[in-house]
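Here's a walk through the model, one region at a time. Keep the viewer open while you read.

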Amino acid sequence: MAELDNVRRAKLPDSAFAYVDSKGRRRLPINDESHVRNALARFNQVRFEDEAARERSRKRLLTAAKRYGIVPVGFFAGQLRVHGNQATAGRLLLELGQVGSLEVLQERLRSELRDPTVEAVEWSESIGGYLGLDGGPAVMPAGGSGRAVTLIDRRGRPMIALVHDPATLRDPELRRSVTSAVRMAVENRQLQATVDADARDARSLPPGPVTFLMTDIEDSTGILQRLGDEYGRLLTEIRGIQRTAVRQLGGHEIDARADEYFAVFELAADALKAAVAIQRRTGGRSWPDGVDVRLRIGLHHGKPTLTDTGYVGIAVHTAARVCAAGHGGQILVSRAAHDALTADDIARPRRPKTRYRPLGSYLLQGLRRPDPLFQVEATGLATDFPGLRSPRVDEAETTDRPV
């Protein structure tokens, strides 16, 4: 593996690393095949901030492995060894790690456990219960039926259940190994389905140059702690507002994760209209328990690389940094997005004016050069905010642009 010195490492984008923590520290480079193999070997040695960060890194690493045609059997085995009996887990992994369907999983389990009665049923969120191989609701055995049920979850959420002879998994070590192997097999299958879906979706995305729209919820942790279980309903309503605005203006959703939302538009003017619509609709709604929901929104224009799994490049990261620099209720526009909006104004009939207040140039996290930022001001939007959450460098000139 070629040594990755500090200079070369610094030039790599965040997307070339499997793990970027909340402070911007980058680990597990995956910029080429040899580094992907090295990251697979070192994954279990990394201390992640939380389980969600670990899962995101795992997904990025496995996606990179697939890109280079690497079958990471050793990686899966290493993870399984953390959870259960090493010898049994390793053998089960080889049997279950590459299964492509629930039916194949069931047959492999029957063979490995020497129990021809094993049934595998998968949890369905849509019906709130388990589904069998025929796609219909599974009937779980009642007490005293002579059948046992082993429930397998993922971070407390139901995933799959095994119905079997009570003697099959009586041994605690074997039960732990089977649970770990099945969980990994199902996660791998779900991950593969997600990667395939991402590839299909990527083919429908517009090539660059494009305008990115990024949003997140200010103080989402505080709102979650206040609302508890109600937070999920609030997030669903916010997603509805975002998706409606993006769809109505011809945009494409790229990602919706936790409190973040990411979309792309062919025209900068449409991205701006969507941003204004999202802020107006969010600000004009009453939320549970009287919470004040405020979204940060950032717009950036650039020419990213469109791969089979989506966009990569500095433009993607810049959009996220522009959004993060702002405050709830604020729409920030980068210099590149501002220039693209100006070009759209020349190509299209004039529309009612919206002011772009220049805020000066700012050094955005992880970027080498400062970027002039502008605040969008329009009817129905808040106008007064504290200073931005990035270091200011110098001033920018005042402009008015139609929108």
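Strands here are DSSP runs of at least two residues, numbered from the N terminus. By that count, Arg-27 is found in strand S2, which covers residues 26-29. Bear in mind that this is a predicted model.

**Around Arg-27**

Arg-27 comes out as partly exposed, with 30% relative accessibility. Leaving aside residues up to four places away in sequence, Arg-27 touches Arg-9, Phe-17, Ala-18, Tyr-19, Asp-21 and Arg-47. Phe-43 sits 16 residues from Arg-27 in sequence, and their C-alpha atoms are 9.7 Å apart.

Asp-21, one of those contacts, also has a salt bridge to Arg-25, at 2.7 Å from N to O. The two partners differ in cover: Asp-21 is buried at 5% relative accessibility, while Arg-25 is partly exposed at 43%.

**The four-stranded sheet**

In what order do the strands of the open sheet run? The order is S4-S3-S6-S5, with antiparallel pairing. Strand S4 (129-131) and S5 are the edge strands, each pairing on one side only. On average, neighbouring strands in this sheet are turned by 30 degrees against each other, ignoring direction.

Look next at S3 (residues 119-124) and S6 (residues 157-164): four bridges hold this antiparallel pair together. Val-121 has Ala-161 in S6 as its bridge partner. Helix H6 (residues 102-113) lies across S3, S4 and S6, at about 145 degrees to S3.

Over on S5 (residues 148-154) you'll find Leu-151, which is exposed because its relative accessible area of 57% is over the 50% cut-off. Leu-151 joins Met-140 and Val-149 in a nonpolar surface patch, and together they have about 240 Å² of accessible area.

**A hairpin and some positive phi angles**

Strands S8 (residues 252-257) and S9 (residues 260-265) run antiparallel, joined by five bridges. Ala-256 stands opposite Tyr-261 in S9. Two residues lie between the strands of this hairpin, and Ala-258 takes a positive phi near 55 degrees there.

Arg-114, in the loop between H6 and S3, is not a glycine either, yet its phi is positive, near 55 degrees. Arg-114 is exposed, at 74% relative accessibility. Then there's Asp-289, in the loop between helix H10 (268-283) and strand S10 (295-302). Asp-289 has a positive phi of about 60 degrees without being a glycine, and it is exposed with a relative accessible area of 53%.

**Salt bridges**

How many salt bridges does the model have? The count comes to 16. Here are some of them, with the distance between N and O atoms.

| Pair | N to O distance |
|---|---|
| Arg-321 and Asp-14 | 2.9 Å |
| Asp-21 and Arg-25 | 2.7 Å |
| Asp-339 and Arg-335 | 3.5 Å |

The pair of Arg-321 and Asp-14 ties distant parts of the chain together: Arg-321 is in helix H11 (residues 314-325), Asp-14 is in the loop between helix H1 (6-11) and strand S1 (17-20), and 307 residues separate them. Is Asp-14 buried or exposed? Asp-14 counts as buried, at 16% relative accessibility.

Asp-339 and Arg-335 are both in helix H12 (residues 335-347), four residues apart, or about one turn of the helix. Asp-339 is partly exposed at 40%, and Arg-335 is partly exposed at 37%. Elsewhere, Glu-230, Arg-233, Glu-237 and Arg-285 are joined into one network by salt bridges that share partners.

Methods:
Residues numbered from 1 in each chain as written. Predicted model: local features only at pLDDT ≥ 70, side-chain atom pairs only at ≥ 80, totals over all residues. Heavy atoms only, no water. Patch = residues over 30% accessible without salt bridge, like charges linked within 9 Å, V, L, I, M, F, W, Y side chains within 5 Å. Areas by Shrake-Rupley, 256 points an atom, 1.4 Å probe, with all protein chains shown as cover. Salt bridge = Lys/Arg side-chain N within 4 Å of Asp/Glu carboxyl O. Buried < 20%, exposed > 50% of the residue type's maximum accessible area, 1.4 Å probe, protein only. Contact = heavy atoms within 4.5 Å. Pairing = 2+ DSSP bridges. Axes fitted to C-alpha atoms, helices over the stretch in contact; angles between N-to-C directions.
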